[in-house]
Amino acid sequence: MLELLEALLFSTLDAAPALIFAALGGVLSERAGVVNVGVEGQMRAGAFCAAVAALFMPTPLGVVLGMLAGAGLAAIHGYLSIRWRSDQVVSGMAINLVALAGGTFLLESLYSPNGTPAIEQLPRWTLPLIHGVPLLGALSEHSGMTYLALVLPFVFHAVLTHTPIGLRLRAVGEKPHAVATLGLSVQGLRWGAVLGGGLLAGLGGAVLSTAVLDRFEQHTPAGLGFMALAAMVFGRWTPLGAFGAASFFAFGNALRIGLASSAPGILEFIPQGFLLALPYLLTLILLAVQGQRSSAPAALGTPYEQESR
Amino acid sequence: MSLEIRAGELLALVGENGAGKSSLMNVLYGLYHPDEGDILLDGQPVRFKSPRDAIARGIGMVHQHFMLVPTLTVAENVVLGREPTRWGRLDLERACAEVTATCQRFGFQLDPRARVDTLTVGSQQKVEIVKALHRGAKVLILDEPTAVLTPQEAEDLFRVARGLKEQGHTVVFISHKLREVLSVAERIAVMRRGALVAEVKAAETHVAELANLMVGESRPGQGTVEPYQPPTGEVLLEALALKALGEDGRAVLDGVTLTVHAGEIVGIAGVDGNGQRELAEVITGLRPLAEGQGTLLNRPLSALSPDEARRRGVSHVPEDRLRRAVVKDMSVEENMALGRQGHPPFARGPWLDFAGRRERTQKLLGAYDVRPPDPLLPVQALSGGNQQKVVVARELDSQPKLLVVVQPTRGLDISAVAQVHARLREERARGVGVLLISLDLEEVLTMSDRVYVLFEGKVTGTFTRPEFDEREIGRRMTCAEPAHG
């Protein structure tokens with residue numbers, strides 16, 4: 001029993017970072033008032049670029065390139081939605097579609113339809129002391145990304161609530177005109193948040209292809225970006241809430257894998273497809289339960305125009 | 001357009017809607033940029049690229065629509081953009097102390113730790129003023145500052161303004177409420193159609209003269225006070241202990257009892273958000289009744305639908321015309337037909353009657369002096385005042401028995417206001433019952449035969465015309481409220 005729990009915990013910690021980074025990216029962008037449905041696409045770009053780059057250079061450098069790729073797609077989103085005030089949902093979806101098709105095209109023309117060649121994964125760290133201890137041992141043997149994902153939400157929380165830049169970010173998502181009348185730049189703040197969100201989403205994608213797997217696969221990230229958005233909503237647009245929700249979803253994912261591998265007999269009763277849908281089903285149920293008690297930033301999705309109120 | 005603002009004076013800038021008052025001040029504040037001309041500050045030409053420059057030169061502005069972030073605290077709102085820090089960390093302690101100090105210097109009482117959305121409108125306005133003063137503003141521009149305040153709060157604001165002046169600040173009031181302007185300002189500048197038409201000393205003028213300067217032509221004085229006659233017509237609406245719930249499940253109407261007779265105008269006074277909107281919605285069938293009962297035109301008030309209300313003879317001029325009264329992309333004549341599109345002259349059998357609709361619309365556009373009188377124009381191409389005329393025309397044309405009007409003159413200029421008011425009086429003379437809900441206490445008092453005061457969803461006072469007392473009504477509008485500042 002304990003072993004089973006440890007295995008579940010281990011695979012949760014392995015899968016969670018991608019979701020956590022992407023959800024934090026969503027929080028950053030949306031707290032500043034820019035809807036970011038393009039997280040999925042930014043993750044895909046990050047995963048692809050990180051895997052391809054890691055074929056030629058050390059994997060950590062590949063991860064950095066993956067982040068930049070996410071930010072690059074986010075920059076397109078920012079240009080459309082901040083500079084030209086286009087509809088933020090449409091612009092985000094366009095990014096998703098471009099990333100989906102572009103990723104497939106590049107993958108097929110450069111490598112094979114199924115995925116890139118294998119790369120060297122990010123190194124896994126063996127924690128002294130707790131390695132091998134029952135249950136606690138699940139914390140060991142992860143890539144650095146897992147530990148970063150456990151720390152970053154708290155850092156983000158501290159920045160958002162306890163620093164001037166955090167205060168400005170919260171204000172610009174609630175009432176950009178108030179920020180403008182104080183002589184601060186609405187555009188500047190939103191650009192910063194969108195690019196930062198892109199870096200985080202790109203990191204989330206890069207984790208998938210360099211730590212969870214050892215290559216970019218055809219379907220990466222397979223809807224994880226949307227799950228990250230759900231985690232952001234369920235976490236009420238707060239870093240810690242998104243962290244909790246993303247971890248929960250990752251646990252659901254681990255539960256599915258654990259169920260299928262530790263008790264193969266279960267597949268006789270429950271169809272495989274149902275198990276595959278389990279994490280997404282959890283997402284749906286949670287969002288339905290949460291209902292209307294939303295706490296989205298008030299100016300979310302509204303382009304800022306100076307001469308309007 | 002030239003205007004001189006002297007140091008340490010109380011200046012008022014008056015003009016009709018669209019006269020350019022707010023645009024002028026937004027230019028001074030660096031939000032808009034002048035196409036031509038210069039701004040001289042202390043004799044030096046200056047160019048404000050953004051509000052940041054204006055703030056740096058000591059100009060502060062309190063906008064008509066508050067520029068506060070509702071989810072942040074008072075202190076956070078005040079220090080936003082120039083936050084005190086300690087080791088890179090936001091120092092909220094110091095922020096609160098600074099805000100308290102500024103408040104004390106100017107005689108405000110504000111809790112720096114309170115969230116802005118929990119404050120009354122009057123207190124929020126003080127936060128705005130503190131925000132400007134905190135940034136070292138020497139010149140304070142107040143855009144329509146009393147539009148949302150009760151008489152008491154307005155009085156309080158004037159006291160603050162005089163105090164600021166005594167400390168050497170310059171205060172510029174933008175307003176079109178002439179009586180207030182006369183009571184607070186020393187010098188009054190009048191604008192019309194983007195140009196300065198007069199500058200007068202407050203002590204040497206009176207309301208009528210200012211009004212003429214503003215409108216640009218002498219106009220008939222507003223209706224003299226009519227003698228009060230107790231209502232004799234039949235009871236159109238009798239409501240007993242109405243209760244309705246808001247979106248968050250809180251009671252927004254709590255035991256409201258009121259009657260409206262045929263041939264009277266019943267006013268509802270109150271500060272924004274005390275249940276007025278919900279009352280109108282209940283009576284027009286837009287909001288379900290949670291408790292209480294009543295009769296509306298001889299049938300029960302419960303389980304009323306908007307369609308049923310219309311069939312009984314209730315017309316509704318809603319508060320937010322673009323959201324509830326018109327479809328702004330559709331033409332004037334299509335909007336005229338809305339709600340009656342299935343009846344003659346707008347339809348014949350199952351088909352729309354285009355010719356009949358055109359004819360009726362043209363008649364109404366003429367009768368209500370809508371400009372331009374073009375039935376094919378989309379409603380959004382009309383000015384706010386003309387849009388409102390379209391709505392009023394439509395609602396009165398259906399020969400209502402009970403008329404529910406909410407903020408019927410919001411955003412209209414003096415002549416349009418007079419026209420709408422005259423129409424309402426005509427309807428009363430015809431024997432229609434009018435329920436007039438307005439945030440403008442002056443409007444409620446000049447129009448109504450009887451007034452109910454709403455506060456937090458309860459009726460806190462009823463007055464008939466001979467008993468009207470602005471101060472007492474104002475007190476009832478805020479009665480259970482702890483004194484803020």
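**Stop 1: B:Arg324.** Select B:Arg324 in chain B of this predicted model. The residue sits in helix H11, which covers residues 321-325 of chain B. Is B:Arg324 buried, exposed or partly exposed? Count the other C-beta atoms within 10 Å: there are 15. A buried residue would need 20 or more, and an exposed one 12 or fewer. B:Arg324 is therefore partly exposed.

Now add B:Gly457 to the selection. Along the chain, B:Gly457 and B:Arg324 are 133 residues apart. In space, 22 Å separates their C-alpha atoms.

**Stop 2: the sheet of chain B.** Select strands S16, S19, S20, S13, S21 and S22 of chain B. In that order, these six strands make an open sheet with mixed pairing. Which strands form the edges? They are S16 (314-317) and S22 (458-464) of chain B, and each of them has a pairing partner on one side only. Look along the sheet from strand to strand. Neighbours are turned by 15° against each other on average, with direction ignored.

Zoom in on S13 (residues 265-269) and S21 (residues 450-455) of chain B. This pair runs in the parallel sense, and four bridges join the two strands. Pick B:Ala269 and look across to S21(B). The residue opposite is B:Val453.

**Stop 3: a helix across the sheet.** Select helix H14 of chain B, residues 384-397. H14(B) lies across two strands of chain B, S16 and S19 (402-406). Relative to S16(B), H14(B) runs at about 175°.

**Stop 4: two helices of chain A.** Move to chain A. Select H1 (residues 2-31) and H10 (residues 239-262). How do their axes meet? The axes come within 6 Å and cross at roughly 140°. H1(A) and H10(A) are therefore oblique to each other. Their crossing is right-handed. Colour the contact of H1(A) with H10(A) by residue class. You will find 20 nonpolar and six polar residues, but no charged ones.

**Stop 5: where the chains touch.** Show both chains together. How many residues does each chain bring to the contact? Chain B gives 23 residues and chain A gives 19. Stay on the chain B side. Helix H2 (51-56) and strand S6 (89-90) of chain B each supply at least two residues there. H2(B) has the largest share, with three residues. Finish by colouring this side of chain B by class: twelve residues are nonpolar, seven are polar and four are charged.

Note on methods. Residues are numbered from 1 along each chain as its sequence is written. Chains are lettered from A and ligands numbered from 1 in the order in which they are written. This is a predicted model: local features need pLDDT of at least 70, side-chain atom pairs count only at pLDDT 80 or more; totals for chains, interfaces and linings use all residues. Two residues are in contact if their C-beta atoms, placed from the backbone, lie within 7 Å. Ala, Val, Leu, Ile, Met, Phe, Trp, Tyr, Cys and Pro count as nonpolar, Asp, Glu, Lys and Arg as charged, and the others, Gly among them, as polar. Axes are lines fitted to C-alpha atoms, for helices over the stretch in contact, and angles run from 0 to 180 degrees between N-to-C directions. Angles under 35 degrees count as roughly parallel, over 145 as roughly antiparallel, 65 to 115 as roughly perpendicular and the rest as oblique. A crossing is left-handed if the near helix is turned anticlockwise from the far one by less than a right angle, and right-handed if clockwise. Two strands pair if DSSP finds at least two bridges between them.
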